[in-house]
Amino acid sequence: ASTQSTWGFVIALWRLFGTKVKWSSYIGVVHITDWDLIEVGDGAVIEDDAVVQAHTAENMVMRRTPVYVGNRSCVGVGAIVLPGVKMEDGVQLGDLSLAMRGEYFRFQPDISSFNLWEGSPAAVQTSFAAERSYPPVGVESSTHFCTPSNSNLDILLVF
């Protein structure tokens with residue numbers, strides 16, 4: 001029970017900094033630079049060592065663009081999400097993948113039932129091998145869409 005109340009404190013702190021994050025989301029040890037420009041949907045997972053950045057410096061001009069991670073979406077271990085990325089509900093960005101600036105990751109049920117985007121830059125994966133490593137899209141809303149990389153699963157708040 002104490003780890004769950006601690007996790008609630010972390011979510012509250014993130015909200016205090018300006019991040020729009022739902023209580024049922026899981027966010028591991030990640031690098032976030034622009035708290036007020038990040039929105040994390042219901043049941044979304046951002047795994048350990050991910051980088052979510054909502055700014056770039058171009059020609060000595062700071063450009064800030066919001067980042068949205070949809071409901072039941074997943075950002076994998078060590079993945080990098082750059083400014084302006086929008087992930088629709090149920091989309092998964094694989095481990096060590098790169099979401100380029102301004103990309104829109106749309107849910108594509110006709111291509112793959114798992115909607116796993118991997119690579120640098122990320123592209124949708126259609127092979128069975130890619131589908132094996134993640135749970136199916138039809139998971140219940142009371143469970144997280146992908147399993148966090150850390151072994152302490154009792155810190156998840158699931159509603």
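Reader: Which residues do ring pairs link into a cluster here?
Author: In this predicted model, Trp-14, Phe-17 and Trp-35 are joined into a cluster by ring pairs.

Reader: And how many aromatic pairs does the structure hold?
Author: There are three aromatic pairs in the structure. For Phe-17 and Trp-35, the ring centres are 5.0 Å apart and the planes stand at 55°, so this pair is tilted. The pair links distant parts of the chain, with Phe-17 in helix 1 and Trp-35 in the loop between strand 3 (31-32) and strand 4 (38-40), 18 residues apart.

Reader: Are Phe-17 and Trp-35 buried or exposed?
Author: Phe-17 is partly exposed, because its relative accessible area of 42% falls between the cut-offs of 20% and 50%. Trp-35 is also partly exposed, with a relative accessible area of 26%.

Reader: What about Phe-105 and Trp-117, how is that pair arranged?
Author: Phe-105 and Trp-117 form an edge-to-face pair, with 4.9 Å from centre to centre and 85° between the planes. This pair too links distant parts of the chain, since Phe-105 belongs to strand 15 (residues 104-105) and Trp-117 to strand 16 (residues 116-119), twelve residues apart. Both Phe-105 and Trp-117 are buried.

Reader: Back to helix 1, which residues form the nonpolar patch on the surface?
Author: The patch consists of Phe-9, Leu-13, Leu-16 and Phe-17, which together have about 430 Å² of accessible area. Phe-17, which takes part in the tilted ring pair, has its place in helix 1, residues 2-17.

Reader: Changing topic, where does Ser-73 lie, and what is it in contact with?
Author: Ser-73 sits in the loop between strand 9 (67-69) and strand 10 (74-75), and with a relative accessible area of 0% it is buried. Leaving aside neighbours within four places in sequence, the contacts of Ser-73 are Gly-43, Ala-44, Val-45, Met-87, Glu-88, Asp-89, Gly-90 and Val-91.

Reader: In what sense do strand 7 and strand 8 pair?
Author: Strand 7 (residues 55-58) and strand 8 (residues 61-64) pair in the antiparallel sense over four bridges, and Thr-56 has Arg-63 in strand 8 as its bridge partner. The two strands form a hairpin with two residues between them, and Asn-59 in the turn has a positive phi of about 50°.

Reader: Finally, what does the secondary structure of the whole chain come to, and how much of the chain is buried?
Author: The chain has two helices and 17 strands, and 43% of its 159 residues count as buried. About 8,000 Å² of the chain is exposed, with carbon and sulfur atoms supplying 57% of that area.

Notes: Residues numbered from 1 in each chain as written. Predicted model: local features only at pLDDT ≥ 70, side-chain atom pairs only at ≥ 80, totals over all residues. Heavy atoms only, no water. Buried < 20%, exposed > 50% of the residue type's maximum accessible area, 1.4 Å probe, protein only. Areas by Shrake-Rupley, 256 points an atom, 1.4 Å probe, with all protein chains shown as cover. Contact = heavy atoms within 4.5 Å. Pairing = 2+ DSSP bridges. Patch = residues over 30% accessible without salt bridge, like charges linked within 9 Å, V, L, I, M, F, W, Y side chains within 5 Å. Salt bridge = Lys/Arg side-chain N within 4 Å of Asp/Glu carboxyl O. Phe/Tyr/Trp six-rings, centres within 6.5 Å; stacked < 30°, edge-to-face > 60°.
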